[in-house]
Amino acid sequence: MLQRIQTIYLVISILVMGALYMWFPVVRDLAGVLVIERSEPLVFGLIFVSIALTIISILSFKKRQLQFVLNRLTIILNFVLLGVFVYRSLTLSGETWVSEKGIGVLFPIISIVFLVLANKAIKRDEDLVKSVDRLR
């Protein structure tokens, strides 16, 4: 059902990823060369697909196994997004302003934490349903 705790965790994950897109800065190095931009196709695509899969997961509340799989896929996408951020910031030569604006790298980690919490709640619900079915 939509009023379960996993729905709250999934909504928080959507809000975190939306905040990542809205407030993620355009990172430039000291020479003014663009390093990471939020409208870059790879970053935008990963954020958009992550949000879309989480919304689909919320709407498929009757199919707990599908919800579990979609959340795992979203976790993998968030790890890929985190890898893109870290790769881009580590492959720069010279001094950059990434350390000042690096808070955006933490948003996928926060989203992953809430997705894992949602998966734990989904697993708990699935175990509860299986135990009730065993008693019948």
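Ile110 lies in helix α4, which covers residues 106-135, and in this predicted model the residue is partly exposed, because its relative accessible area is 34%. Although Ile110 and Ile12 are separated by 98 residues in sequence, their C-alpha atoms are 9.4 Å apart in space. Ser111 is likewise placed in helix α4, but Ser111 counts as buried, because its relative accessibility is 0%.

**Helix α4 and the loop before it**

- Not counting residues up to four places away in sequence, Ser111 touches Ser13, Val16 and Met17, and it also touches Asn78; of these partners, Ser13, Val16 and Met17 appear among the buried residues of α1, while Asn78 appears among the buried residues of α3.
- Val105 is found in the loop between α3 and α4, and with a relative accessible area of 22% it is classed as partly exposed, because buried residues are those under 20%.
- Leaving aside neighbours within four places in sequence, the residues in contact with Val105 are Leu82, Phe85 and Val86, and of these Leu82 and Phe85 are listed as buried in α3.
- For Val105 and Phe85, which are 20 residues apart along the chain, the separation between C-alpha atoms is 6.4 Å.

**Helices α1 and α3, each taken alone**

- Helix α3 comprises the 27 residues 64-90, and at 1.5 Å a residue it should span 39 Å, which agrees with the 39 Å between its end C-alpha atoms.
- The buried residues of α3 are Gln67, Phe68, Leu70, Asn71, Thr74, Ile75, Leu77, Asn78, Leu81, Leu82, Val84 and Phe85.
- For the 19 residues of α1, the same rise of 1.5 Å a residue gives an expected span of 27 Å, and this agrees with the end C-alpha atoms, which are 27 Å apart.
- In α1 the buried residues are Gln6, Thr7, Leu10, Ser13, Ile14, Val16, Met17, Ala19 and Leu20.

**How α1 packs against α3**

- The axes of helix α1 (residues 5-23) and α3 come within 13 Å of one another and cross at roughly 25 degrees, an angle that makes α1 roughly parallel to α3, because angles under 35 degrees count as such.
- The crossing in which α1 passes α3 is left-handed, and the contact is made by Gln6, Leu10, Met17 and Leu20 on the α1 side and by Gln67, Asn71, Asn78, Leu81 and Phe85 on the α3 side.
- Sorted by class, the residues in this contact of α1 with α3 are 5 nonpolar and 4 polar, with no charged residues.

**The loop between α2 and α3**

- Ser60 sits in the loop between α2 (41-59) and α3, and it counts as buried because its relative accessibility is 11%.
- Leaving aside neighbours within four places in sequence, Ser60 is in contact with Leu66, Gln67 and Leu70, of which Gln67 and Leu70 are among the buried residues of α3, and Gln67 also takes part in the contact between α1 and α3.

**The chain as a whole**

- The secondary structure of the chain comes to 4 helices and 2 strands, and from the N terminus on the elements follow the order α-β-β-α-α-α.
- Of the 136 residues in the chain, 38% are buried.
- Among contacts between residues at least 6 apart in sequence, 73% join residues at least 24 apart.

How values were computed:
Residues numbered from 1 in each chain as written. Predicted model: local features only at pLDDT ≥ 70, side-chain atom pairs only at ≥ 80, totals over all residues. Heavy atoms only, no water. Expected span 1.5 Å × (residues − 1). Buried < 20%, exposed > 50% of the residue type's maximum accessible area, 1.4 Å probe, protein only. Contact = heavy atoms within 4.5 Å. Axes fitted to C-alpha atoms, helices over the stretch in contact; angles between N-to-C directions. Parallel < 35°, antiparallel > 145°, perpendicular 65-115°, else oblique. Left-handed = near helix turned anticlockwise from the far one by under 90°. Nonpolar A, V, L, I, M, F, W, Y, C, P; charged D, E, K, R; others polar.
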